[in-house]
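Reader: I am new to this structure and would like to learn how its features are read. Could you take me through a few of them, with the general idea before each case?

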Amino acid sequence: MEGQESRVPERGQKQKESQLKNIMYIMVAVAVVLAAALAYIWYERTSLVNDLKIEKEDLTAQMIALQNDYASLSSDYETINSQLDSSREEVSQLIERIKKTDATNRAKIRQYEKELGTLRSIMRSYIVQIDSLNTLNQKLTADAAAARREAAESRRQSEQLSKTVESLSDQVAIGSQMKARAISLVGYNGSNKVTDRSSRVVRLMASLSLVENELAPKGPVRVFIRVKDPDGILLTNEDQRTFTFNGEPLVSSASREVDYQGKEVEMSIYLNNIPEYVRGIYTVEVYTEDNLLGSAELMLR
């Protein structure tokens, strides 16, 4: 009886030791699983950061390539050259902003990708304009040469053909595209006075003149402005409109329709209801649905 009683406590002690071992094994297994999970999370995060860095480097490389494309683009037309200079400056500023932006700031990177697409579209429009004008110039040159040959046959034909050559030469100088001049951007305070203090500005006004052009299409034309703050963010309010430019939709800050009959039209477009203005350089781009008319800047202090 005493032997049996001594074996009972010994069996209980072994059961307790077995339970403790099982608990220890379970805890070790849980620790291994947690370590594996933490390692996986760290690996995934590292991979994501690396992917974002690669994406930023690729975007920067694309912008530099676009900058080189703009640098190689030139024309014999002063208006297009002026627009090219403005676009080149915008590309340079965008490259600097991309370099200063953290790769993990995905919202900014996506915004820069959209601006890259817009700048590419604008460059394609320049190429189309330059090719079109060059083709027209070549045609007019050939026509003028033919007219000079035919002018030798008779004085009447010479006079008529001279008028034709003069008319065609005028078309080369004027062109059929609508153009603008004297584009400016100013700020107004609550007393409707011009100010350049960011804390006092309550609205912006873009002014321009649609230049006289008898060859341009006549009738109602809507002029759109796109105003960007010093960070390149488009300013919009409830008056914003979406328009199509070069086959792509763009959002405008404000717009106005005028009746264009081939004569010069002076006009202003106001941008109201913007909650706050900060210090820095604001830019305005002026469009119709057919043309980028130009741009201007405003420094607020």
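**Reading strands, a helix and two loops**

Author: Let us begin with one pair of residues in this predicted model: Leu204 stands opposite Leu271, which belongs to β8.

Reader: How many bridges join strand β3 to β8?

Author: Strand β3, residues 203-210, is joined to β8 by seven bridges, and the two strands run antiparallel. They belong to an open sheet of four strands, in the order β2-β1-β3-β8, with antiparallel pairing. Because β2 (194-195) and β8 (265-271) each have a single partner strand, they stand at the edges, and one side of each is left without a neighbour in the sheet.

Reader: What should helix α2 span, and which of its residues are buried?

Author: At 1.5 Å a residue, the 23 residues of α2 (residues 78-100) should span 33 Å, and the end C-alpha atoms are 34 Å apart, which agrees. As for burial, an α-helix has 3.6 residues a turn, so residues three or four places apart point the same way. In α2 the buried residues include Ile80, Gln83, Leu84, Ser87, Val91, Leu94 and Ile98, and Glu90 and Arg97 are also among them.

Reader: Which sign does phi have at Asn246, and where does this residue lie?

Author: Asn246 is not a glycine, yet its phi is positive, at about 55°; the residue lies in the loop between β5 (242-245) and β6 (248-251). With a relative accessibility of 39%, Asn246 counts as partly exposed.

Reader: What is phi at Asn273?

Author: Asn273, although not a glycine, has a positive phi of about 60°. Its place is in the loop between β8 and β9 (280-287), and Asn273 is partly exposed, with a relative accessible area of 49%.

How values were computed:
Residues numbered from 1 in each chain as written. Predicted model: local features only at pLDDT ≥ 70, side-chain atom pairs only at ≥ 80, totals over all residues. Heavy atoms only, no water. Pairing = 2+ DSSP bridges. Expected span 1.5 Å × (residues − 1). Buried < 20%, exposed > 50% of the residue type's maximum accessible area, 1.4 Å probe, protein only.
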